[in-house]
Amino acid sequence: MADPSTYRPAPGAIPTSPGVYRFRDAHGRVIYVGKAKSLRPRLSSYFQDIAGLHPRTATMVTTAASVEWTVVGTEVEALQLEYSWIKEYDPRFNVKYRDDKSYPELAVTLDEEFPRVQVMRGAHKKGVRYFGPYGHAWAIRETVDLLLRVFPVRTCSNGVFKRAAQVGRPCLLGYIGKCAAPCVGKVSQAEHAELAEEFCDFMAGRTGNHLRRLEDQMREAAADLEYERAARLRDDIGALKRAMEKNAVVLADGTDADLLALAEDELEAAVQIFHVRGGRVRGQRGWVTDKVEDVDTAALVEHALQQLYGGGAESVPREVLVPVLPEPVVPVREWLSVLRGAQVDLRVPQRGDKKDLMATVARNAQQSLALHKTKRASDLTTRSRALQEIAEALQLDSVPLRIECFDISHLQGEDVVASMVVFEDGLARKSEYRRFQIKGFEGQDDVRSMHEVISRRFRRYLREREETGEWAVPEADDPGQQPEAGHPAGGRAGEELPSGPIDPETGRPRRFAYPPQLLVVDGGQPQVAAARRALDELGIDDVALCGLAKRLEEVWLPGEDDPVVLPRSSEGLYLLQRVRDEAHRFAISYQRNKRSKRLTAGELDSVPGLGETRRQALLKHFGSLKRLRAATVDELCEVPGIGRRTAETVAAALASRTPSTFAVNTATGEILDDGAEERPAAVRPAAEAAPAAPSAAVRSGAVRSDAAPSDAVRSDAAPSDAVQSVAVPSTATPHETP
């Protein structure tokens, strides 16, 4: 725990301009980002007597080791920069609304020749009309299915559309009347565009004209005794009314607005948002956050608006209704207006339907918070108990907040790889996962592989620590209270801050910058001993180590003859098993992927400068590897994307690898001239990899029936052996198959 006075900026060094500031911990990680209209009074407030600070603020300033700031021109710029840095650094003491979902919207691609109705997520695209967002994609599909009876707009993908146009036959929706089938010319482009406009008008809330038109047509059909047509129109009217019921009108004046409400307690806050478009509630979304900083309701509203509109995925409506206005409100309103490109009315509803709807949104927020607390209480309790049980069982000084687990995977000694998975606070941190290829030796030796992987991982850790000098112990009475030696104590202008485990160019953590509190290896005593030996060789003695054996799920400690046996109902054992199983899964997936690439490697894979796209283009153009070998340089240049230099390289590479074997059908003795050339390298026999002298079983291409069993090609071979490659003399240079 650091003393804030050790890194407090000098008096008068902090400017009075608007700006954004960052607090960093002893490792250089950004732990808090804030903005201020005037930086000097705001930053000075953090360095008063700790007893007078809010507990969360006191925790933050004692965790930090330095502070820096950036001056901006206006408060709007400060708001934008603060949001960008929070998204980039993910500081632990900032309020962050956890919303990993991308909400679906109903989109009509009016910019296409034949507009298409589909479900879209993410940022809005120019020329596309959006309706929503919806809570679920199936809700959009149900609505569209009802409307296609009346507005049979195209819904198929571009590939399906082009295919139908080529064969001259529409898809199933075209046959059942839920698509106008513009692909085969049943309607013209103008007629289909009109259908799309009518669809958009209905979704925008202008429903009265369409219903009246259909009702008039239904009465006319009945008067003309066209009862079947009248029945179809009646069903169409019913479908439209059911679609309208799914989007009930809540505001009579066709309002476009977002309503935001909060429910909070001392520890957490929940936000709910209703998206109202054309007077109808088109979608709903919600977030829950931990109140890790000292914030009031106005600040929570501001953070929620940043989260909602800052990423650009959500368009800003004409009105944004909130329970409390942010302080100050002018920069936030200006920021929203800039995003929308027009004036935005940010206000608190005082009366009428909008106030009633806001009360409904608030009730949803309260229910969301209550449900979250029910789930979160169990989850937090379980993870905390698991970490505590691990610490007690392994006799650790503190709970292992960061756990790393290593596993080795191979297939009979080939493609030997290793995995490293990371769990922080009992949850997987997939961005920290790493994969290794065993390079020190070949063959199957899990113990030696484990030693190599642990050595490489912590060698990288020591190298990065040495390069940055981040953890050099300062000369002070209390090392934990001083910045690193050679680095400034604060963020004064012109002084360089320590980068530490944070890459100063990208702002992201270095790959192996943080050591674990607990190192877990998949295995028993031998693997644990190998890992301990690797750590001792590097001089690392502050990382706890254990191994989890699969057979009896016992925990092995270095230097112990007997394992630690945790109860089967232990939460700590469950957590260790999850960590081990995740490392096993990650290693196996990497090993299978590596093996698959090796088995599918062909002769073109090792041609320098030839990537996957151009390899596929060559094979598609010539049809087979045999024809590709026979092609001239000029013929190779005819392939799109292949220049003359590349063509010469490909021709030279293939000429040096002309196959020296023939494929032989062992059932008939027939020699297949192009068999070996047509098959991919992955399935060619070993005889193709290194040409050998002619076999005793082969004389001038004939197969001797009286050859020894080991040399003869047997006619009763298994079906999979029915075709084998037999080496024949060749003047080509011997080579290895890539």
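This section describes the fold, one pocket and several individual residues of a predicted model.

The protein chain comprises 738 residues, and 45% of them count as buried. Its secondary structure consists of 21 helices and 23 strands. Contacts across long stretches of sequence are frequent: among those between residues at least 6 apart, 64% join residues at least 24 apart. The accessible surface comes to about 37,300 Å². Carbon and sulfur atoms account for 49% of that surface.

The second largest pocket holds about 720 Å³ of space. It is lined by 31 residues, and those closest to its centre are Y21, Y32, K35, R42 and Y46. Five elements each give two or more residues to this lining: β2 (30-36), α2 (55-63), α3 (75-89), α10 (297-309) and α11 (329-340). By residue class, the lining divides into 16 nonpolar, four polar and eleven charged residues.

Helix α3, one of the elements of that lining, was examined further. It has 15 residues, which at 1.5 Å a residue should span 21 Å. The C-alpha atoms at its ends are 21 Å apart, so the expected and modelled spans agree. The buried residues of α3 are V76, A78, L79, E82, Y83, W85, I86 and Y89. Their cover includes the strands β1 (19-25), β2 and β3 (64-71), together with the helices α10 and α11. Among these covering elements, β2, α10 and α11 also contribute to the pocket lining. Just after α3, D90 takes a positive phi of about 50 degrees.

The loop between α6 (172-175) and α7 (189-203) contains A180. A180 has a relative accessibility of 12% and therefore counts as buried, the limit being under 20%. Leaving aside neighbours within four places in sequence, A180 is in contact with P152, K186, V187, H192 and L195. One of these partners, L195, lies 15 residues from A180 along the chain, with 9.0 Å between the two C-alpha atoms. A181 lies in the loop between α6 and α7 as well. Its relative accessibility is 1%, so A181 also counts as buried. The phi of A181 is near 55 degrees, a positive value in a residue other than glycine.

Q395 likewise has a positive phi, of about 60 degrees, although it is not a glycine. Q395 sits in the loop between α12 (352-393) and β12 (402-411). In contrast to A181, which is buried, Q395 counts as exposed because its relative accessibility is 72%. A further backbone feature is the peptide bond from E327 to P328, which is cis with omega near -10 degrees. P328 is placed in the loop between β10 (319-321) and α11.

Two residues further along the chain were also examined. D522 belongs to strand β16 (residues 518-522). With 7% relative accessibility, D522 counts as buried. Residues up to four places away in sequence aside, D522 touches F406, D407, M450, Q527, L548, K550, R580 and H584. E560 is found in the loop between β18 (555-556) and α15 (571-599). Its relative accessible area is 42%, so E560 is partly exposed. E560 and A529 are 31 residues apart in sequence, yet their C-alpha atoms are 9.9 Å apart in space.

Methods. Residues are numbered from 1 along each chain as its sequence is written. This is a predicted model: local features need pLDDT of at least 70, side-chain atom pairs count only at pLDDT 80 or more; totals for chains, interfaces and linings use all residues. Side-chain values use heavy atoms; hydrogens and water are left out. On a 1 Å grid over the protein atoms alone, a cavity is a set of points where a 1.4 Å probe fits but cannot get out, and a pocket is an open set with protein on both sides within 12 Å along at least five of seven lines; lining residues have an atom within 4 Å of a point. Grid points are joined across faces, edges and corners, and a volume is the space filled by probe spheres set on the points. Helices (H or I, at least four residues) and strands (E, at least two) are DSSP runs, numbered from the N terminus. Ala, Val, Leu, Ile, Met, Phe, Trp, Tyr, Cys and Pro count as nonpolar, Asp, Glu, Lys and Arg as charged, and the others, Gly among them, as polar. The expected span of a helix is 1.5 Å times one less than its number of residues. Buried means under 20% relative accessible area, exposed over 50%, partly exposed in between (1.4 Å probe, protein chains only). Contact means heavy atoms within 4.5 Å. Accessible areas come from the Shrake-Rupley method with a 1.4 Å probe; for residues, only the protein chains shown count as cover.
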